[in-house]
Amino acid sequence: MKPLTQAIEAIRAALKEEVPPSAVEDAAVIYAQLCSDVERRLDLVATMLQKGSDYQALQVAEEEPPLLDLAASVSFGEEKNWQIYCEAHGLKVAARVDTRIILDLETLYGRGISANHPLYKDFRAAVLSRDDTKSLRIVKTILKLNPQDDNARKELQRLENKALQEKIDLLREALKTDDEERIATLTEDIKAVAPPSKLERLDVFDQGENIRQALRRRQAEARVPDMLITMQMLKAEGRWRQVGQMLSVVNAMFKEHGFMPSDAAQKTSVEDLTQFHLKERAADEKQRNFDRTLKTFLTFVEEVETRLLTGAGVTFEEIAGKDESFVKRWKELEGYQLPVATESLQRLRSAGQELRAKLERMQRAKRLGNISLAAAALVLLCCISAIGLHAWKAWTLTQELASYQAKENYSAAEGLIKKLRSEEELLLRWPYLQARIEEVSAWAAKSRVTGKQAADALLALENSFQGEKSKLTATQLVRQLNDAEALVKQLGGDVAAEPKNRLAALKTKADLHLATVLKQLTTSTSTTLGKLEKRDTAELSHEKLAANVSTSCTAIDKELKPLEALLKPEVPALAFPTDLETRIHALRQRLNTYQEDLRTFAAIRKETAGTASLDDYRKAITKWQAVKFVEAAPSLKMLDTLPTEKAFQAALFTGGDQEVLQAVLDNKGGHYMAPDTLLETELKMILSLLHNEYLNNIFESNVVHYSSKKPGGTVWSMGKPEAKVIGGSTRWNAKFYQPDPTQRAVLFIQQSFTRAGEVGEYQGDEITTTRMSQTSDFMNSMDIGRISDEKGERVLKSLLEVCDKLVQDTLGSPIAKAFVMLKLEDLMHLRPREWGLHYCPSLQQDLRMLHQTLGTTSLRSEDWLVPDMREKWQAPLAAFFKTLKDRAYLREAIAHRNYLRKATQAGLKFAGYVETDLSLVLNSQGRSAGELWVLGRENGKPLMVANPDAGKAAADTPKTIMATASVPLSPAFIVTADRRDLLKQYQEARSSTGVDLKPLPTESPFLTNP
């Protein structure tokens, strides 16, 4: 409702003639639009009331803003006067609000509602659905219809308190983040609904309000340059009203946030725009007043024409009054100095001529009665003149003196005066003769003085010349010639002949002298201009650095200004030839072009340096496309390659993998590097390892062959062989596998070994020294069955912990360990983020190395029993696992997770950018940071640039920080987390057993950079 309130204030001021009509045009449009909205909604209400749909009518009336409140606002008491004002001044006329429908609506509100009204049903439904916004809106409507409903009042208070508390809780959570915009929005929402007395007791609101004020001030300061540029464009288009509106916004921002233009350029721009707006508004107001005056004048002329046409009862006084009024109006119209349409002008002139003719006819009629009186007076005068015959001679002498004065013969005049004073003393008593004598005497004396002055001036000029040259400057020479000419012109008669001849001779000499001066000046100017033109061609180019071009422009401008001053000489005779003027103007135009390009580039650079976010920087870099200087060319490439903050974070923390970065942010896998539950596929893979018959419960036995006298060997059995004593014989039964170098198949066949006889005389075969195989011991130590609970529902152990046990085992077959490791890899690849594989670079590297070692060989679970496979892979795989004995995958992943979580939660802050000369342009945050991150030339990877003087006073900091290995126009970021502290924590976490596990080269630059 704020725009409506401001519009009505402007309307009231206009009705009191406190502001001109042009100042309320926008207010008229806003008021008319709101009146139209009110009228439209009232028509809907009227239609619904006619149909008996009271409930729907209430719903329309309660839409935001409430209809009755809005209607009350537009009805400010002077609607009729405002309508007349708008019609008189050509403003938009608002629709009249139908008060009858408002009365019907107020009657509907006054009826009240019963307990079974649909609004109560809607309210209960909204409460059950937990739609607090809808509930609040409905309960407000219920209270309007039934103010006595205490339950509704309590619900309203409850909902308002709940909504306020939710906003406060949201603000409290937001204050833990860096999202200043959300903090500001929540603070504004709370401020809009909570009373000031309650807010004074909320510390969280004070914190939010401080952040909001600082943010809104920064946003306002950032908006001002763009608004000034927009206003300059509007000014160029002549749209002064829009300039005035934006100026009001800018001034309001200055007042609200308590800041002023940041520099002299902004201040000058604001003042210039203000003067432009005031000037254009005054011109518009002048045009309006002129149109109103012309319209009134034409109405007056129409009345005059009608009155002259009828002629009945027209008096001299009436015509004289109208003539006087016509003249006043004509002068008032002329005072505007604005053009009048030809048709209107002809009509005004015609009416004025008719009015003046009528007045003159009436005046002549009035003078006829006075003619006889004039004749009588003339006779009386003749009689008196006859008596004064003596005065005739005095009069004649008076005329003679006047003729001498007219002929400028002051010598004859002085002689006559001398004679009269000596011989005609009686005639001197006549006053008019005496007055003439005094006048002519003064004139003669003055003429003598002028003659003396003219002679002195001419002599001084003649003495100034030495041959054809004058020692006076051209200006002094021309000025003295003009002064002498003015004195000579005052001389008359024969006295002026000699001075005029001397003056003509001096003018000729002066012309020759000035021609010589002009020639010398033209030659020197042409020489200087030629040098400047060569410098211009050599030094002013868009292919050169803007700083060098700026220096050249300044130097050329300094030398060009004296030449331009000669284009407007005080002496017209020293005007340069047209070709030389054209060359100077052309050089100035070219210089102005480069200076304008430099100013544009400087403004864009300043805007770029003032950006506070990556989005603002992207917009600023886009403007670099309009720059003509070649050093702005990298902006095109930067626009194509400019990363998002998320992409830069990924490059900095996760080697460029945004999916891994998102997994870190989402905290997949949690602190224990395992999901909460297993997938069915994962459970099947775990069970397949747990129940693999070639890996689990395999026993190793030695065999002695008594009958064949063959050497003993090793056999493998599924489970421990069962020994039974039958009489004097012992039999061992099980599924046995005896290695055969010629076979790759592993077959466990049910068979028995029997030993008979007495000690020393044994016959048959005997099983001795049976033990669990080392591979099965290895499988048991892995505790694969403990990865999940007995039901296979909850995950109890991380696969990384299982991998730790696998590589730390020193007894199991390397072939079996390799097979199990590959199966664990397959299991992790189903959900690598949940199992924390992205947190363990060394495991990823080790798996790649294992695949490289095996090549195209695909291991089977039984291959550790096959002699051929053992001979081929036992040694290389044993060597491979020997290098992994110090691995601590889970500890590494936890350390990596803690580092990444802290680093990503700290996030990036935009700190500035890399200039085209590879120097850093930093904002206040960047200048105070010890480390800055930019895009490096090597594949665009993040590059760290140290700021050795971070935190020092401005006077102690270096002028520039160079990033020689960076990409021009790269954005610069800072990470608010302490990188060295994170690296220390990371290394301590990984090296807790005393083994120094250095970060891998493939890990994040933020972690591995020295």
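**Rings in contact**

Ring pairs link Y617, F648, F910, Y913 and F973 into a cluster. This is a predicted model, where local features need pLDDT of at least 70, side-chain atom pairs count only at pLDDT 80 or more, and totals for chains, interfaces and linings use all residues. Residues are numbered from 1 along each chain as its sequence is written, and side-chain values use heavy atoms, leaving out hydrogens and water.

Biologist: How many aromatic pairs does the structure hold?

Modeller: Rings of Phe, Tyr and Trp (its six-membered ring) pair if their centres lie within 6.5 Å. Going by that, the number of aromatic pairs is 11.

Biologist: Okay, F601 and W624: what kind of pair do they form?

Modeller: Planes under 30 degrees apart count as stacked, over 60 as edge-to-face and the rest as tilted. Here the centres are 5.2 Å apart and the planes meet at 90°. So by that cut-off, the pair of F601 and W624 is edge-to-face.

Biologist: And why is the pair of F648 and F973 tilted?

Modeller: Those ring centres sit 4.6 Å apart. The pair counts as tilted because the angle between the planes of F648 and F973 is 40°.

Biologist: Is F648 buried or exposed?

Modeller: Buried means under 20% relative accessible area, exposed over 50%, and partly exposed in between (1.4 Å probe, protein chains only). F648 has 1% relative accessibility, so F648 counts as buried.

Biologist: Which residue lies over the face of Y762?

Modeller: A charge sits over a ring if NZ of Lys or CZ of Arg is within 6 Å of the ring centre and within 35 degrees of the ring normal. At 4.2 Å from the ring centre of Y762, the residue is R755.
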